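Biologist: Please pick one small part of this model and take me through it closely. Then tell me how it sits within the rest of the chain.

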Amino acid sequence: MTKREFLSKIKEYNENYNMDLISRAYDVAEEMHRNQLRKSGEEYLIHPVAVAEILAELGMDSETIAAGLLHDVIEDTSFTMEDMKKEFGDEVTELVDGVTKLSALKFESKEERQAENLRKMFLAMSKDIRVLIIKLADRLHNLRTINYMTHEKIVEKCQETLDIYAPLAARLGIYSMKMELEDIALKFLEPSAYYDLAEQVSERKGERETAINKVVDEISKALDEIGIKHETYGRSKHFYSIYKKMKYQHKSLDEIFDLMAVRIIVDTVRDCYASLGLVHTMWTPIPGRFKDYIAMPKPNMYQSLHTTVIGESGRPFEIQIRTQEMHRIAEYGIAAHWKYKEGVTEDKEEVKLSWLRQALEWQKDVNDPKEFMESLKMDLFSNQVFVFTPQGDVIELPAGATPLDFAFKIHTDVGCKCVGAKVNGKMVTIDHKLENGNIVDIVTSPNAAGPSIDWLKIAKSSSARNKIRQWLKRENRNDAVDKGKDLFTQYLRRKGYDPKVLMTNAYISKAAKELSFKDTDDLYSQLSYGGNLQTKVANLLQRYEDERRKLETEEKNKSLLDDLNEISEKTQKRVEQLRTADAETGVIVEGVDNLMISIARCCNPVPGDEIVGYITKGRGITVHRVDCDNMRALPEEEKERLIEVSWDPELLDKSYDGEISIIAKDQKGMLSSISKVCEDMDVRIIGLNARANKDDTIRINLTLMIHDRSQIEKICRSFKGIPGILEAYRNKG
């Protein structure tokens, strides 16, 4: 695209754009990126031009489009921040600076780099939310052309998109961008799932479209009859949304209600509710599937009515009803704040979002990158729950939130003095899980004891947990050491560590010394406050344990090598490709001769069983059944001792010990009946013991002289036919 073609395209989106500013930004971008190439071999200028066009498509203002053209010049060229201010002024410069990566700084890990970049982005967003919109446009174009990157880079960028950028697009309400980001990421992260889903959707597409078009025609006719001006059409669900429902809700494609949906766009809110009433008279609504986002909008400003009804074929389908203005916000989200505003002389009031202010509030107190990323995903990207104060105000909380989160969201003092709560007029515990639409009333007391460390496990939001920690820090509690131990134990378990392994005196003492604490009690006291110290200590303890295990593994490997050498010394000769069977056991071990082989007494394998050999320490090889409990319970490092063995078909006339357990009623003549079966089948009993159980049954363990597996299975079936025998089975170890 030439400069003339680009400017002409931009003007199509809004003729009031400041074309002089955008033209100058294009010239600087073209000059500074000259001779730079993308991974595809194309001129680098293609990327900033594409980013600027995405921003224009969203309806962003002239300064944002200029910043989109210039977003890489400071990072990748000799153009400086001073040059930017001189040429384009403070507003464009601040936007470009907000999306510039921290490439000049050194970070200890990829996670830390990602966290620091997000911190800077949030800080810039607090001044101007357009920073994030530019960043999202940058990421969208990079994903559109990501196939030129290495496989490792593709996986990294696509996963980061699903974890961070697509949820942020959703938070801003820019669903058109969110859906494209998710679908591209899915195609590269799960290609087989993506193309399989595409094939399934394509197979039934005609059938679904016919059904939906019929519904659209019926709705349009009914709305026309009552005089409601409308735009009605079918809408397909995007692939990633279908994939998530199929994977996490274990649903087939046919079980997803909103695979195809109908969208009704009308002029007024009154028309929205009138259309809803009309739809519910035409089809039966499904209880619990109606959502009123008009009366209770999402935090990203999204408004719409959603209902699911049963169609004539008995299959459900979803209907969304909204006004033109609601639809514009649903497509462009916060970007709609700038859409069509060019040429208007009024000052653009900065849009402030509660979730962004909250993120900036708690990110100042979180120094650990992992904790920062976890809190970010919990507070910003998790599902939300909307509850009411007794006065009717809407309070937004993360899914799974409790009355404690609600109390601290109202005010810190309300949270600290909380002694209980009422939900919909009924008393509940402070760990009660809140649901959408609950009316929550916090019960406080001036004599309340205040937060305890246990509250940190109940509160789900980062803001509530931070306020609890701050209160605990101000209190001088005598049980800080014990509480610290308990809290740290809970933390380790939550992270998947074993406290019994990591919290040894030796490890804790070593960690206290390394972190410059006076002693272990001093360390535990500080741990009682929670925070990122828990992460640091846990990482240290895990490092100590990893070092110990590494040393132990090295010693075990040396021991295994010594054992193998000892066996080798006992072997008189080695013959290449020699296949020798042990005459006593009838078992073949590939490639060795004169090796001591024995049948394991724990599982007593017989011909017909799948078997495996185990190299013992100085006692040759023992042969076990593959399903032997002892073999299954082997530690991972011990599995190196396993070796392939097999039965020699030429020595299958031997007899073996076969052990059978019998559970029977404690009645006369039982042993006589068992002996009779063995006698009839010409099987010799070489061992027998029995004991009574508390439930009036007896357990009998028999050792029989057996030829092969089929014979022992036949005997078990015969035993089960004896009246009074409840179970008869082989032992596995």
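**A close look at L7 and its surroundings**

Modeller: L7 counts as buried because its relative accessible area is 17%, and the cut-off for buried is under 20%. Keep in mind that this is a predicted model. L7 belongs to helix α1, which covers residues 3-13. Now look past its sequence neighbours. With those within four places left aside, L7 is in contact with M19, I22 and S23. Take I22 from that list. L7 and I22 are 15 residues apart in sequence, and their C-alpha atoms are 8.0 Å apart.

Turn the view round to I22. Leaving out residues up to four places away in sequence, I22 touches F6, L7, I10, Y17, S62, I65 and L69. Helix α2 spans 19-32. I22 also stands out in the largest nonpolar core. That core has 66 residues, and F6, I22 and L70 touch the most other members. There is another core apart from it, with 32 residues, including L595, A664, L702 and I725. Nonpolar side chains tend to be buried together in soluble globular proteins.

Follow the chain onward from α2. N35 sits in the loop between α2 (19-32) and α3 (46-58). N35 is exposed because its relative accessibility is 76%, and exposed means over 50%. Its backbone deserves a look. N35 has a positive phi of about 75 degrees, although it is not a glycine. Most residues other than glycine have a negative phi. N424 is another residue to check on this point. Its phi is near 55 degrees, again positive without being glycine. N424 lies in the loop between β9 (418-423) and β10 (426-428). Its relative accessible area is 46%, so it counts as partly exposed.

Now step back to the whole chain. It holds 29 helices and 22 strands. Of its 733 residues, 49% count as buried. The exposed area is about 38000 Å², and carbon and sulfur atoms supply 47% of it. Take the contacts with a separation of 6 or more: residues 24 or more positions apart account for 65% of them.

Charged pairs come next. Side chains of opposite charge can pair when their charged atoms come close. The whole structure has 24 salt bridges. One of them joins R144 and E180, at 2.7 Å from N to O. R144 lies in helix α8 (residues 130-144) and E180 in helix α10 (residues 175-189), so this bridge ties together parts 36 residues apart in sequence. Both ends are partly exposed: R144 has a relative accessible area of 39%, and E180 has 28%.

Helix α10 also carries a salt bridge between E182 and K178, at 3.0 Å. The two are four residues apart in that helix, so about one helical turn separates them. E182 is buried, with a relative accessible area of 6%. K178 is buried as well, at 15%.

Helix α15 (residues 324-332) gives a further case. E325 and R328 meet there in a salt bridge of 2.7 Å. They are three residues apart, so they too are separated by about one helical turn. E325 is partly exposed at 40%, whereas R328 is buried at 19%. Elsewhere, E545, R548, R549 and E552 are linked in a network of salt bridges.

Finish with residues further along the chain. T622 is in strand β16 (residues 621-625). T622 counts as buried because its relative accessibility is 11%. Its side chain makes a polar contact of 3.1 Å with the side chain of H624. Setting aside neighbours within four places, T622 is in contact with S598, V612, G613, Y614 and T616.

P649 sits in the loop between β18 (645-647) and β19 (656-665). P649 is exposed, at 58% relative accessibility. P649 and I588 are 61 residues apart in sequence, yet their C-alpha atoms are 9.7 Å apart.

Last, a nonpolar patch on the surface. L671, I685 and L688 make it, and its area is about 230 Å². I685 lies in strand β20 (residues 685-692). I685 counts as partly exposed because its relative accessibility is 30%. Contrast that with the starting point: L7 is buried, at 17%.

Note on methods. Residues numbered from 1 in each chain as written. Predicted model: local features only at pLDDT ≥ 70, side-chain atom pairs only at ≥ 80, totals over all residues. Heavy atoms only, no water. Patch = residues over 30% accessible without salt bridge, like charges linked within 9 Å, V, L, I, M, F, W, Y side chains within 5 Å. Areas by Shrake-Rupley, 256 points an atom, 1.4 Å probe, with all protein chains shown as cover. Salt bridge = Lys/Arg side-chain N within 4 Å of Asp/Glu carboxyl O. Buried < 20%, exposed > 50% of the residue type's maximum accessible area, 1.4 Å probe, protein only. Polar contact = N/O pair within 3.5 Å; in protein donor to acceptor, adjacent residues only side chain to side chain. Contact = heavy atoms within 4.5 Å. Core = buried A, V, L, I, M, F, W, Y, C linked by side-chain atoms within 4.5 Å.
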